[in-house]
Every structure is written in structure tokens, then in C-alpha cells.
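Ready to work through a protein model one exercise at a time? Have a look at the sequence and the structure first, then try each task before reading its solution.

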Amino acid sequence: QVQLVESGGGLVQAGGSLSLSCTASLRSFNTYRMAWFRQALGKEREFVAAISWNGETTRYADSVTGRFTTSRDNAKNTIFLHMTSLKPEDTAVYYCAALSGDPNLVWREPINGGQVRYWGQGTQVTVSP
């Protein structure tokens with residue numbers, strides 16, 4: 001059974017930083033593109049960031065570019081999301097995801113939930129004003 005387990009969520013003040021991690025019980029983890037999505041209360045789930053199987057290529061939503069960084073450690077089957085300059089509008093449940101498709105092909109953009117093969121259970125991030 002595949003499991004993606006996020007950790008690191010919590011409460012932070014605006015302007016602060018927070019780091020999330022996600023560990024996956026995926027065979028061949030290093031062949032998957034991985035991604036982060038988030039869903040704010042009453043809103044649709046949206047793409048945040050993605051990373052190629054080898055960590056060399058990343059993609060970010062415009063709303064987080066320059067503030068969030070994603071990385072991975074294939075030896076530990078883990079991806080990370082480092083968030084800085086957090087804003088109240090970043091408040092959401094953050095989900096880790098393994099993307100389907102050939103990781104060697106051109107990215108299918110925009111990246112969306114329809115490309116997700118496996119989802120994590122989510123971790124809450126709350127940014128206070």
C-alpha cells in the first residue's frame with residue numbers, strides 16, 4: 001500500500017518561515033515527479049510546486065515563486081517544501097503528491113490534480129496576520 005506522509009505543518013506569523021516534508025512508501029520513488037498542492041477552506045485544491053525525479057528541475061505556481069523552494073532526497077524517499085515570507089493567504093492544507101506519467105517527457109503544464117497518481121493525507125499550515 002502506497003503512503004505519502006506529510007509533516008511539519010503548524011502555525012506561523014506572517015513573514016515567517018516553515019518547512020514541510022513528505023516521506024513516501026513508493027517503490028521506485030526516484031522515478032516519480034513529485035509535487036505539492038494546497039487547499040484553502042472553501043477553495044479548490046491548487047498546484048504549488050513540483051520537482052523532477054532527479055531534483056534538477058522544478059516548477060512553481062506564480063503565487064509562491066521566489067518564496068517557496070522544493071527539493072528532494074531520493075535516498076530517503078522524501079521531498080521538502082521550504083516556505084518563506086509567508087502570508088495569511090498561504091493558509092491551507094498542504095498535500096504531497098506523486099505525479100503519473102513518464103518522468104523523462106516534457107512537463108505537462110499547467111500541472112494539476114488530474115496528473116496525480118498518489119496523494120498524501122495533508123498537513124495544515126496556518127499563517128496569522
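## Warm-up: a buried pair

D90 is buried, and R38 is buried too; buried stands for under 20% relative accessible area, exposed for over 50%, and partly exposed for what lies in between (1.4 Å probe, protein chains only). Before going on, know that this is a predicted model, where local features need pLDDT of at least 70 and side-chain atom pairs count only at pLDDT 80 or more, while totals for chains, interfaces and linings use all residues. Residues are numbered from 1 along each chain as its sequence is written, and side-chain values use heavy atoms, with hydrogens and water left out.

## Exercise 1: salt bridges

Task: Find out which residues are linked with R38 in a network of salt bridges.

Solution:
- Start with the rule: a salt bridge is a side-chain nitrogen of Lys or Arg within 4 Å of a carboxyl oxygen of Asp or Glu. In general, side chains of opposite charge can pair when their charged atoms come close.
- Now take D90, which forms a salt bridge with R38, with 2.9 Å between the closest N and O atoms. This pair links distant parts of the chain, since D90 sits in the loop between β8 and β9 and R38 in strand β4, 52 residues apart. Strands (E, at least two residues) are DSSP runs, numbered from the N terminus.
- Next, R38 also meets E46 in a salt bridge, at 2.6 Å from N to O. R38 has a relative accessibility of 6%, so it counts as buried, whereas E46 is partly exposed at 36%.
- Put it together: the network links R38, E46, R67 and D90.
- The count of salt bridges comes to four. One of them joins the side chains of E109 and R59, at 3.1 Å from N to O. E109 lies in the loop between β9 and β10 (116–119) and R59 in strand β6 (58–60), so this pair ties together parts that are 50 residues apart in sequence.

## Exercise 2: the sheet

Task: Work out the order of the strands in the open sheet of four strands.

Solution:
- Two strands pair if DSSP finds at least two bridges between them. In general, strands of a sheet pair through backbone hydrogen bonds, either parallel or antiparallel.
- Look at β3 (residues 18–24) and β8 (residues 78–83): they pair in the antiparallel sense over six bridges. For S21, the bridge partner in β8 is F80.
- The full order is β1-β3-β8-β7, with antiparallel pairing. At the edges are β1 (4–7) and β7 (68–73), each pairing on one side only.

## Exercise 3: the core

Task: Say which strand gives the most to the largest nonpolar core.

Solution:
- A nonpolar core is a set of buried Ala, Val, Leu, Ile, Met, Phe, Trp, Tyr and Cys residues joined through side-chain atoms within 4.5 Å.
- The largest one has 36 residues, and M34, L81, M83 and Y94 have the most contacts inside it.
- At least two core residues come from each of β3, β4 (34–39), β5 (46–51), β8, β9 (92–99) and β11 (123–128). The top giver is β9, with six residues.
- Now zoom in on Y94. Neighbours within four places in sequence aside, its contacts (heavy atoms within 4.5 Å) include L20, F37, V48, L81 and V125.

## Exercise 4: the aromatic cluster

Task: Decide whether the rings of F37 and F47 are stacked or edge-to-face.

Solution:
- Rings of Phe, Tyr and Trp (its six-membered ring) pair if their centres lie within 6.5 Å; planes under 30 degrees apart count as stacked, over 60 as edge-to-face and the rest as tilted.
- The count comes to four aromatic pairs. The centres of F37 and F47 are 5.8 Å apart and their planes are at 75°, so this pair is edge-to-face.
- F37 belongs to strand β4 and F47 to strand β5, so the pair ties together parts that are ten residues apart in sequence.
- F37 is buried at 1% relative accessible area, and F47 is buried at 15%.
- Ring pairs join F37, F47, Y95 and W119 into a cluster.

## Exercise 5: backbone oddments

Task: Find out what the peptide bond from E109 to P110 is, and where P110 lies.

Solution:
- That bond is cis, with omega near 5°.
- P110 is placed in the loop between β9 and β10.
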